[in-house]
Amino acid sequence: MRLLHSGFQIKCPRQLFVSTVLASLNMATLGAPKSISPLIRFGRYAALITGVIYGSSRLNRLSAKEVVIQEQEDKLRVIREAKLKEEKIQAEKVEMAMLAKEAGIAQS
């Protein structure tokens with residue numbers, strides 16, 4: 001809103017449009033919220049606490065399983081890396097032999 005020198009307020013077109021649209025909608029007004037039953041409140045908190053306890057225990061079980069799986073994968077990873085290293089060495093030897101043959105260099 002802008003104030004004129006004499007103190008009158010002028011609404012900008014957007015504010016005027018919004019106020020007229022809202023006035024024409026006849027929107028329902030909400031009353032004060034009702035208090036929640038103690039039984040429902042207890043049920044909500046019981047479900048929340050049960051969920052937190054279940055999630056915590058499930059996380060602990062899955063974490064223990066994951067440790068075992070990670071140990072097995074680490075063993076397999078070492079074997080796989082050694083195998084890949086050996087294959088790479090063999091591939092380099094074959095490649096060098098082919099390169100020497102193409103270049104006409106005798107291998108020793």
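**Exercise 1. The Asp74–Arg77 contact**

Task: In this predicted model, decide what kind of contact joins the side chains of Asp74 and Arg77, and place it in the fold.

Solution:
- Start with the distance. The N to O separation between the two side chains is 2.5 Å.
- Apply the cut-off. A salt bridge needs a Lys or Arg side-chain nitrogen within 4 Å of an Asp or Glu carboxyl oxygen. Asp74 and Arg77 therefore form a salt bridge.
- Check the spacing. Both residues lie in helix α2, 3 residues apart, which is about one helical turn.
- Recall the geometry. An α-helix has 3.6 residues a turn, so residues three or four places apart point the same way.
- Classify the exposure. Asp74 has a relative accessible area of 37%, so Asp74 is partly exposed. Arg77, at 32%, is partly exposed too.
- Count. The total comes to 1 salt bridge.

**Exercise 2. The span of helix α2**

Task: Test whether the end-to-end distance of α2 agrees with its number of residues.

Solution:
- Take the limits. Helix α2 covers residues 38-103.
- Work out the expectation. With 66 residues at 1.5 Å a residue, α2 should span 98 Å.
- Compare. The end C-alpha atoms are 90 Å apart, which agrees.
- Look past the end. Gly104, just after α2, has a positive phi of about 80 degrees.
- Weigh the confidence. Mean pLDDT is highest in α2, at 95, and lowest in strand β1 (residues 2-3), at 50.

**Exercise 3. A nonpolar surface patch**

Task: Is Val52 buried or exposed, and which residues form a nonpolar patch with Val52?

Solution:
- Locate Val52. This residue sits in helix α2.
- Read the accessibility. Exposed means over 50%. Val52 has 54%, so Val52 is exposed.
- List the partners. Tyr45, Leu48, Ile49 and Ile53 join Val52 in the patch.
- Give the area. Together the five offer about 530 Å² of accessible surface.

**Exercise 4. The whole chain**

Task: Describe the element order, burial and confidence of the protein chain.

Solution:
- Elements. There are 2 helices and 2 strands, in the order β-β-α-α from the N terminus.
- Burial. Of 108 residues, 1% count as buried.
- Surface. The chain exposes about 10600 Å², with 65% supplied by carbon and sulfur atoms.
- Confidence. The average pLDDT is 85, and 79% of the residues score at least 70.

Methods: Residues are numbered from 1 along each chain as its sequence is written. Side-chain values use heavy atoms; hydrogens and water are left out. Patches are made of residues with over 30% relative accessible area and no salt bridge: like charges are joined within 9 Å, nonpolar side chains (Val, Leu, Ile, Met, Phe, Trp, Tyr) within 5 Å. Accessible areas come from the Shrake-Rupley method with a 1.4 Å probe; for residues, only the protein chains shown count as cover. Helices (H or I, at least four residues) and strands (E, at least two) are DSSP runs, numbered from the N terminus. Buried means under 20% relative accessible area, exposed over 50%, partly exposed in between (1.4 Å probe, protein chains only). The expected span of a helix is 1.5 Å times one less than its number of residues. pLDDT is the predictor's confidence in each residue, from 0 to 100.
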